[in-house]
Amino acid sequence: MDTAAYPKSLVDLYTFEGKKYGLPKDYDTIGLWYNKALFDAAGVKHPDATWTWDDLKAAAAKLTDPAKGQYGIAAPADSQANYYNTIFQAGGTVIAPDGRKSGFGDPEAVEGLKFWVDLIKSGSSPTVQQMSDTEPTQLFSSGKVAMYYGGSWEANGFAKNADLTGKVDVAPLPKGKKQAVVIHGLANVAYAKSKNPREAADFAVFASGKQAQQIQAEAGAVISAYQGTQDTWVKAHPQFQLRAFIDQVPDSVPLPRSKNTSAWTKHAEDLLLKAWTGEKDVADAARELAKAVDEELGKEK
């Protein structure tokens with residue numbers, strides 16, 4: 001099976017020690033969802049592909065109105081949607097390419113983490129407690145937050161929300177030192193011990209082929225992985241500039257993972273939450289996290 005029809009970064013997610021273990025089914029990237037009505041009311045220019053971190057910070061400040069309980073952006077301690085992207089944009093890493101060491105403690109990673117913590121400190125984002133009481137997606141949908149880093153998977157739900165009709169759109173992520181975005185997705189596989197291995201494999205190939213991928217794209221739920229079917233997904237929700245998700249694929253980085261990803265992501269959740277609340281300095285929390293992740297990666301050898 002020729003995997004050239006799929007994004008390389010997506011193929012890499014299902015490649016281990018040079019062997020491919022799945023055929024891409026669909027993928028998601030992250031975009032900057034924004035409330036056009038709030039932008040227009042504040043006289044702020046809508047985000048576009050030229051935006052940088054500084055543009056976002058400046059807009060978030062202008063869109064924040066404490067008297068109305070309105071914030072410029074939601075800055076939760078979310079890995080895939082938020083801080084992984086800014087770590088990569090700052091030139092940092094989460095897990096080294098060889099899988100043996102964490103990059104959380106490096107200056108570039110700290111810069112990517114501080115991006116979010118600083119938005120909370122400046123008052124442009126709700127506090128951790130506020131985002132715990134009401135999920136960021138709900139804060140955005142209710143017009144309390146003007147910007148929200150969210151995945152392509154949000155398109156279906158936002159399209160069905162009558163309260164958001166004509167009010168929201170999406171743009172590519174603002175650029176840090178460089179362009180980068182997390183890509184993730186599912187793959188079709190066949191059970192090795194199936195009683196019908198040939199048929200199972202044939203179906204996996206079909207399910208990841210152009211015909212099945214086209215059918216999937218027409219549903220509008222996910223971005224089909226097969227090259228040439230993405231425009232069908234875009235057309236499923238013409239009210240949004242969904243090409244923002246697809247145009248970022250050349251700059252995409254696979255979702256960080258290892259043999260036992262869940263072991264070290266639990267450390268990230270616990271330690272980074274303390275940085276988000278101000279209990280710990282960001283750099284200190286990042287260095288402590290790097291040490292904990294390195295220990296977990298050491299157990300995987």
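1. In this predicted model, the rings of Phe, Tyr and Trp whose centres lie within 6.5 Å of each other give a count of 15 aromatic pairs. One of these pairs is formed by W33 and F245, whose rings sit 5.9 Å apart from centre to centre with 45° between their planes, an arrangement that counts as tilted. The pair connects distant parts of the chain, since W33 belongs to strand β4 (residues 30–35) and F245 to helix α12 (residues 243–247), with the two positions 212 residues apart. W33 counts as buried because its relative accessibility is 0%, below the 20% limit, and F245, also listed at 0%, is likewise buried.

2. A second pair is that of F203 and F206, whose ring centres are 6.2 Å apart and whose planes meet at 45°, so this pair is tilted. Both residues lie in helix α9 (residues 197–207), three residues apart, which is about one turn of the helix. As for their surroundings, F203 counts as exposed, with a relative accessibility of 55%, while F206, at 39%, counts as partly exposed.

3. W33 and F245 also appear together in an aromatic cluster, whose members are W33, F140, Y148, F158, W233, F240 and F245.

4. Helix α4 deserves a separate look. Ten of its eleven residues are buried, so the helix is largely enclosed by the rest of the structure; the buried residues are Q80, A81, N82, Y83, Y84, N85, T86, I87, F88 and Q89. At the N-terminal end, D78 acts as a cap, with a side-chain oxygen placed 3.3 Å from the backbone nitrogen of Q80. After the helix comes G91, which has a positive phi, near 95°.

5. Within helix α4 (residues 79–89), the residue Q80 can be followed in some detail. Q80 has a relative accessible area of 17%, and because the limit for a buried residue is 20%, it counts as buried. The side chain of Q80 is joined to that of D28 by a polar contact of 3.0 Å. When neighbours within four places in sequence are set aside, Q80 is in contact with D28, I30, N85, W153, V182, H184 and L255, so D28 is found both in this contact list and in the polar contact.

6. Which residues does E296 touch, not counting residues up to four places away in sequence? They are A263, W264 and H267, and with H267 there is also a polar contact of 3.0 Å between the side chains. E296 is found in helix α14 (residues 282–299) and is buried, with a relative accessible area of 15%.

7. The last point concerns the packing of two helices, which is described by the angle between the axes and the distance between them. Helix α3 (residues 53–63) and helix α5 (residues 107–121) pack at an angle of about 10°, and their axes are 11 Å apart. Because angles under 35 degrees count as roughly parallel, α3 is roughly parallel to α5. On the α3 side the contact is made by W53, L56, K57 and A60, and on the α5 side by E111, G112, F115 and L119. Sorted by class, the contact of α3 with α5 has five nonpolar residues, one polar residue and two charged residues.

Technical notes:
Residues numbered from 1 in each chain as written. Predicted model: local features only at pLDDT ≥ 70, side-chain atom pairs only at ≥ 80, totals over all residues. Heavy atoms only, no water. Helix = DSSP H or I, 4+ residues; strand = E, 2+ residues; numbered from the N terminus. Buried < 20%, exposed > 50% of the residue type's maximum accessible area, 1.4 Å probe, protein only. Polar contact = N/O pair within 3.5 Å; in protein donor to acceptor, adjacent residues only side chain to side chain. Contact = heavy atoms within 4.5 Å. Axes fitted to C-alpha atoms, helices over the stretch in contact; angles between N-to-C directions. Parallel < 35°, antiparallel > 145°, perpendicular 65-115°, else oblique. Nonpolar A, V, L, I, M, F, W, Y, C, P; charged D, E, K, R; others polar. Phe/Tyr/Trp six-rings, centres within 6.5 Å; stacked < 30°, edge-to-face > 60°.
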